[in-house]
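Work through the three exercises below with the structure open. Try each task before you read its solution.

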Amino acid sequence: MARTIRLVLSVLALLLLVSGAWLGLAWAPPDREMGDVQRIMYVHLPSVWMGLLGVTLNFVCSVAYLLNPRRTVANLDADALAEASAEVGLFFGTLGLMLGSIWGRPTWGVFWTWDPRLTSMAILLVAYAGYLALRRFIDDAERRAAWSAVVGIIIAVDIPIIWFSVRWWNSLHQVQSSPKTVDPSMVFVLRWNAVAFLLLWLVFLSTRYVIARSRRERELAPPPLASEVAR
Amino acid sequence: MTLSKKPPGLLHATWLLVRKDLLLEWRTRARANALFFFALATLLLFSFALGPDTTILQRAAGGTLWLAILLASVLALGESFRVEQENAALDGLRLAPADARALFLAKAVSNGVLLLLLGAGILPVLGALAGLTLAQRIVINSPVATFALTGSAAMALVLVLGCLAIAAPGTVYAAIASNARARDVLLPLLLFPLLIPALVAAAKATALALEGDPMLQFGSWLGLLASFDLIYWSLGFALFPLVVED
């Protein structure tokens, strides 16, 4: 059942991504100032959004895991989802940052500027890379779950502080456009691509979650009987 | 001592543990000495890397000071939990029974004190290397009132708040990393990105305390540092029991 849903989701995501690429590259009008370069927005923004969505889900799962007073084997589901969301979030966030950097070269003239949004995102990605490294380095399943939940919360709390400190430190990013200042067809294409990325995100997340769950089950399974090993 | 004696309260337990940590440190002073010379070596490395131009060194002084403290702090924090693992001393403390929150407060305070001494020790050396002078007068414009501080008082305030900012999350992460594989890599990997806001605030505030603050920015950076302290000391206090529980 779950497998069928994932298959349907994958097909839908693929269809939407391909049509979204056509909409963004051919159908939507070029930007008045930036021209065709601006079209990268249709993949840059959805990637960043999915990255942030993954990070948010990770925070929710970390809190849910720690709030549960009986942190037993069954509750490691929240931990598996935390692992999946951090990894998928890191993937999309990195993709979004790279796309943004490619967009920055023709518009700002440089690949990288020390702008608050870029800098915060980069710090965030390094922090979650540390989080995922921590998960690899702890062997005991329940300790790993509790400690990574603690680290997940500590990192999430840091996000607004990073944002403020970096904004005071340096600022340059273009003023965010709102749907009111943008041509309606651009908004439509952006939303189309956002839905496509959301479906892709769901496919990645659910696949990664299933893997994390089965790893957890294998870790916590009782050692096999001697007769089974012999076979 | 009788068995019926009640376990000490939170603050009393914290005080006993801080005294134990500092006494252990004082008896040998090996860790403090090693850290001091490590930080001095870092300062020299920075100076050589940036070149002999004193104006560059002066401008980079805030960042240099805090990077030296930050790099040394990873060693200090890691060591503070390594000594507890010998003979399973941490389990002994937990069985004593010491409140896990007292354990956090004590470790964070003693680590903070150690870093503060380190910072106070290397600051004059940096001052001599880069030819630094303290600002005459620093004005803090807070919503409540306006304060005027001398440059040295402002510098001391930044040192205290900055070292506390490293100590609280550092203690939580060191406790986690001490039980993981590859702990020497893991601790800085977790700690450095987290501390970037504190590093930015401390480095900027230090530069302002040294060069003077005509734009009245010192108060904002100090406020950011103080909020970082407040948030991570409370968070560490609340979450640390989950780290050491078994």
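The model is predicted.

**Exercise 1.** Find where B:Arg29 sits in chain B, then decide whether B:Arg29 is buried or exposed.

*Solution.*
Step 1. Locate the residue. B:Arg29 falls in the loop between α1 (10–28) and α2 (30–50) of chain B.
Step 2. Check the backbone. The phi of B:Arg29 is positive, about 60°, although the residue is not a glycine.
Step 3. Count neighbours. B:Arg29 has 10 other C-beta atoms within 10 Å. A residue is exposed if that count is 12 or fewer. Therefore B:Arg29 is exposed.

**Exercise 2.** Do the same for B:Ala182: where does B:Ala182 lie, and what is its exposure class?

*Solution.*
Step 1. B:Ala182 belongs to the loop between α7 (151–177) and α8 (183–211) of chain B.
Step 2. B:Ala182 is not a glycine, yet its phi is positive, about 55°.
Step 3. Around B:Ala182, 13 other C-beta atoms lie within 10 Å. Exposed needs 12 or fewer, and buried needs 20 or more. So B:Ala182 is partly exposed.

**Exercise 3.** Describe the side of chain A that touches chain B: how many residues are in contact, which helix gives the largest share, and what classes of residue are there?

*Solution.*
Step 1. Count the contacts. On chain A, 24 residues are in contact with 23 residues of chain B.
Step 2. Find the helices. In chain A, α4 (116–137) and α5 (141–169) each supply at least two residues of this side.
Step 3. Pick the main contributor. α5(A) gives the largest share, 15 residues.
Step 4. Sort by class. This side of chain A has 21 nonpolar, two polar and one charged residues.

Conventions
Residues are numbered from 1 along each chain as its sequence is written. Chains are lettered from A and ligands numbered from 1 in the order in which they are written. This is a predicted model: local features need pLDDT of at least 70, side-chain atom pairs count only at pLDDT 80 or more; totals for chains, interfaces and linings use all residues. Helices (H or I, at least four residues) and strands (E, at least two) are DSSP runs, numbered from the N terminus. Two residues are in contact if their C-beta atoms, placed from the backbone, lie within 7 Å. Ala, Val, Leu, Ile, Met, Phe, Trp, Tyr, Cys and Pro count as nonpolar, Asp, Glu, Lys and Arg as charged, and the others, Gly among them, as polar.
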